[in-house]
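Reader: I'm new to this and would like a close look at a single part. Could you pick one helix, show me which way its sides face, and then tell me what lies around it?

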Amino acid sequence: RILHLSCHGHPNYLLLEDGKGDSHKIHVSKLKEQIEKLHASSNESCLDMAFLSACDTENCAKAIYDAGVPHVICCKRDLDLLDSAATKFAASFYRALALGNAIGKAFNIARDAVGISKSQDAAIEA
């Protein structure tokens, strides 16, 4: 079970768009609260992973992880995330998962696909 959000990011909130094109802020604390409620209503973890395809989602990722989601992929700090790189990363990541790779291995494959070296301060983090 994966939560995948492709939106605009900010250190304190995510900016989501509805079907009419209107923007809605979801604050990091509210998202964490909602995920904690989902976990509390189930005997098992409701989410195995969250994938945040947005700029500046490190704080949000930490909140989601703290809410009980064991794997969260995000964009570090205030780095900008190019749509083309995000799309290529996500496609490579999910393809690697579909081929049976573990999350960490799939992350490395996707990182390599967009040309991010292990030694550089990457814009994405597992």
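Author: Let's start on the outside: the face of α1 turned away from its buried side carries the exposed residues Ser 29 and Ala 40. Here "buried" means under 20% relative accessible area, "exposed" means over 50%, and "partly exposed" is in between (1.4 Å probe, protein chains only). Before we go on, this is a predicted model, with residues numbered from 1 along each chain as its sequence is written. Local features need pLDDT of at least 70, side-chain atom pairs count only at pLDDT 80 or more, totals for chains, interfaces and linings use all residues, and side-chain values use heavy atoms, with hydrogens and water left out.

Now turn α1 around. On the other side, Val 28, Leu 31, Ile 35 and His 39 are buried. Looking down the axis of α1, you'd find its buried residues within an arc of 75° (taken from the directions from the axis to the C-beta atoms), so they line one face of the helix. There's a handy rule behind this: an α-helix has 3.6 residues a turn, so residues three or four places apart point the same way.

And what sits over that buried face? The cover includes strands β1 (2-6), β3 (13-17) and β4 (23-27), along with helix α2 (58-66). As for length, α1 runs over residues 28-40, which is 13 residues, and reaches 18 Å from its first C-alpha to its last, close to the 18 Å expected at 1.5 Å a residue. That expected span is 1.5 Å times one less than the number of residues.

Let's step back to see where α1 fits. The chain has four helices and seven strands, counted as DSSP runs numbered from the N terminus (helices are H or I, at least four residues; strands are E, at least two). Along the sequence the pattern reads β-β-β-β-α-β-α-β-α-α-β. Of the chain's 126 residues, 34% count as buried.

Just before α2, have a look at Asp 56, found in the loop between β5 (49-53) and α2. Asp 56 has a phi near 55°, a positive value in a residue other than glycine. For background, most residues other than glycine have a negative phi. Asp 56 is also buried, at a relative accessible area of 15%. Its C-alpha lies 5.9 Å from that of Pro 11, although the two are 45 residues apart in sequence.

Inside α2, Cys 60 is buried too, with 1% relative accessibility. The closest cysteine sulfur to that of Cys 60 is in Cys 7, and at 7.6 Å it is too far for a bond. The count of disulfides (pairs of cysteine sulfur atoms within 2.5 Å) comes to zero.

For a second helix to set beside α1, try α3 (residues 83-98), which packs against α4 (residues 103-113) at an angle of about 145°, with their axes 8 Å apart. The buried residues of α3 are Ala 86, Phe 89, Ala 90, Ser 92, Phe 93 and Ala 96. After α3 comes Gly 100, whose phi is positive, near 95°.

Key: Contact means heavy atoms within 4.5 Å. Axes are lines fitted to C-alpha atoms, for helices over the stretch in contact, and angles run from 0 to 180 degrees between N-to-C directions.
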